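Trainee: Please take a close look at one part of this predicted model, the packing of its helices, and then show me how the strands and domains are arranged.

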Amino acid sequence: MMANRKLKYWGWGYEDTGLDADETRSLMATFANGFDIQASRDGSFPSLDAIELPTCRLDISAALSKVCTDDKFERVYHAFGQSQADSIRTYNGDFEHAPDVVAFPETDRHISELYEWADKVGAAVIPWGAGSSVVGGVTSDVSSKFNGTISVDMGRMNKVIEVDKVSRAARIQGGARGPEIEAQLKPHGLTLRHFPQSFEHSTFGGWIATRSGGHFATLYTHIDDLVEATTTVTPAGNVVSRRLPGSGAGPSPDRFVAMGSEGALGIITEGWARLQGRPTFKGTAGFRFNNFFDAARAVRAVSQAGLFPANVRIVDSTELQVNGVGDGSFTLMVISFESADHPVDAWMTRAEQCCLDHGAVVDVEWRDNPEAHLQGAVGAWRTAFIRMPYNREQLTPRGIISDTFETAITWDQFEEFYESIRETTRTAIRDVTGHAGAVSCRFSHAYPDGPAPYFAFHAPGDPGNMLAQWREIKSRSSDALIRHGGTITHHHAVGRDHQKWYERQRPALFGDVLKDAKKRLDPKGLLNPGVIVG
Ligand SMILES: Cc1cc2nc3c(=O)[nH]c(=O)nc-3n(C[C@H](O)[C@H](O)[C@H](O)COP(=O)(O)OP(=O)(O)OC[C@H]3O[C@@H](n4cnc5c(N)ncnc54)[C@H](O)[C@@H]3O)c2cc1C
């Protein structure tokens, strides 16, 4: 745990952070006035005292007692991640499957000892970075065939161990959170610049394990692009890859064992990451479009022009409105360029032309305007985006279902795909809740061959039945993603919530290869059961 500040087991971040009363009132008013989504209850999450935990089933061995605990708060805190289902189950006080023990290893050796202990007693092991998974990746609900569950929190392995300034790379431990990494790189004048929205409470190892998507909307979108080498400690031994700027030597060990492994093949204890210079040249602009598809075509033009902006996000009128920005009459594009080496005006000028060619009007003028990112709809959206992670802990207790799902699709299929997914989700909400709800979309990332659309949906739930309602809506939109040729996830990962659809998406024979890899690396199947390998 972080010194002196306690993390919430019921929501995002520290207990002393979150929406204040005014922000909460404003959020509820936006939902009520804009979408007729009203609170059906005004409840609160159960207190720690009120939560009933089953008795711990495991005896912590003397050898591991310094790094293991069965403390109630730690067991409660590590029971769930940050998914909508996790939030509803926390509200319902459903802690029957909380981990028996939480371990805080300090070395690779501790992790190997934990595996040996888990093997001996027949316990499942769930690797835990910072628990920000929104897809049930750390939800400690495993098969009853296990005699216990151990959550392995990597928080004590949080150092930047080495910086290679010549190659601009750093060796970073798996449990280092975003701010810890940047603080340790700052004295070297370098930065990883991988900023997922969950940056503050997610880790380097978690990013690699989930192939997370950062703030770079083009080019270095996933952490994959920033990883040079990895060390993964598995029950069968360690897989340590070689530091190379590139290699054509067969299938990549980083990609095969570490990236996207989601705690099912081993624990990533460290890795080498590619760094960047701190950007000194920056430019941000905002453009408004009357039509979402015009904005999407402008993104395609920018992406295919090879300009590679750091940010090129379009946000539809509903998503803007849900977040208290705009009047529902326009789609917003936020576009930014940055460089530690050269001015970016030439790139921005060309990108602006791509937008104007598609009917854009300027929301925020970028020329000679270093404050552009704080102004107009761009600035309002930025503020809402920063506060967004705190919304759910206010909405769940009020009986409002609120979730996101994200995907990717090639440009040739995009428009039809978008209409189908939006309509399926709207119909599901209507069927399940009897209410129109709200379904919105933005692009989180964009490629020359297609965008990564990020959908959000909100609806008033039936307080006694919210989990089943959410599951039905989620299931129908996930079916649609696969049916219409998209991916079940662009960057949120598979976890327990997407496993069924991941199995439909991946080639069957590749699934068999993964099962064989799992058998070799984790012969007893102790690691994160139900994730990646069903
Ligand atoms: C508010 C919010 C915003 C978010 N924004 C983004 C975003 O912008 N981009 C994005 O990609 N995701 C986002 N996410 C999802 C989440 O933050 C990412 O999946 C993140 O990479 C998870 O990191 P973590 O350290 O918290 O991992 P955890 O949530 O603890 O774990 C995630 C998975 O990885 C495994 N794992 C964790 N650490 C290790 C390790 N060292 N070795 C092996 N396996 C491990 C776990 O077992 C689990 O399966 C967001 C989540 C929230 C709540």
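Mentor: I will start with one helix and its two partners, then go on to the sheets and domains. Residues are numbered from 1 along each chain, as its sequence is written. The model is predicted, so local features need pLDDT of at least 70 and side-chain atom pairs count only at pLDDT 80 or more, while totals for chains, interfaces and linings use all residues.

The helix is α14, residues 466-483 (helices are DSSP runs of H or I with at least four residues, strands are runs of E with at least two, and both are numbered from the N terminus). Its axis comes within 9 Å of the axis of α13, residues 411-433, and the two cross at roughly 160 degrees (axes are lines fitted to C-alpha atoms, for helices over the stretch in contact, and angles run from 0 to 180 degrees between N-to-C directions). That angle makes α13 roughly antiparallel to α14 (over 145 degrees; under 35 is roughly parallel, 65 to 115 roughly perpendicular, and the rest oblique).

On the α13 side, the residues that meet α14 are Ser-420, Ile-421, Thr-424, Thr-425, Ala-428, Ile-429, Val-432 and Thr-433. From α14 come Gln-469, Glu-472, Ile-473, Arg-476, Ser-477, Ala-480 and Leu-481 (contact requires C-beta atoms, placed from the backbone, within 7 Å). Sorted by class, the contact of α13 with α14 has 7 nonpolar, 6 polar and 2 charged residues (nonpolar: Ala, Val, Leu, Ile, Met, Phe, Trp, Tyr, Cys, Pro; charged: Asp, Glu, Lys, Arg; polar: the others, Gly among them).

Helix α3, residues 84-91, also packs against α14, at about 170 degrees with the axes 10 Å apart. This makes α3 roughly antiparallel to α14. Gln-84, Ala-85, Ile-88 and Arg-89 of α3 touch Met-466, Leu-467 and Trp-470 of α14. The contact of α3 with α14 has 5 nonpolar, 1 polar and 1 charged residues.

Now the strands. An open sheet of 4 strands has the order β1-β2-β4-β3, with mixed pairing (strands pair if DSSP finds at least two bridges between them). Its edges are β1 (68-69) and β3 (123-128), each paired on one side only. Within this sheet, β2 (101-103) and β4 (148-153) run parallel and are joined by 3 bridges. Ala-103 has Val-152 in β4 as its bridge partner.

Another open sheet has 5 strands in the order β5-β6-β10-β8-β9, with antiparallel pairing. Here β5 (160-164) and β9 (237-240) are the edge strands, pairing on one side only. With direction ignored, neighbouring strands of this sheet are turned by 10 degrees against each other on average. Strand β6 (169-173) is joined to β10 (267-274) by 5 bridges, and the two run antiparallel. Gln-173 stands opposite Glu-270 in β10. Strand β8 (227-234) is antiparallel to β9, with 4 bridges between them. Val-233 stands opposite Asn-238 in β9. A hairpin is formed by β8 and β9, with 2 residues between them.

Last come the domains, which are domain 1 (38-153), domain 2 (160-277) and domain 3 (281-390) (the bounds come from an automatic or database domain assignment). The centres of domain 2 and domain 3, taken over C-alpha atoms, are separated by 29 Å. Their contact takes 8 residues from domain 2 and 10 residues from domain 3. On the domain 2 side there are 3 nonpolar, 5 polar and no charged residues.

Technical notes
Two residues are in contact if their C-beta atoms, placed from the backbone, lie within 7 Å.
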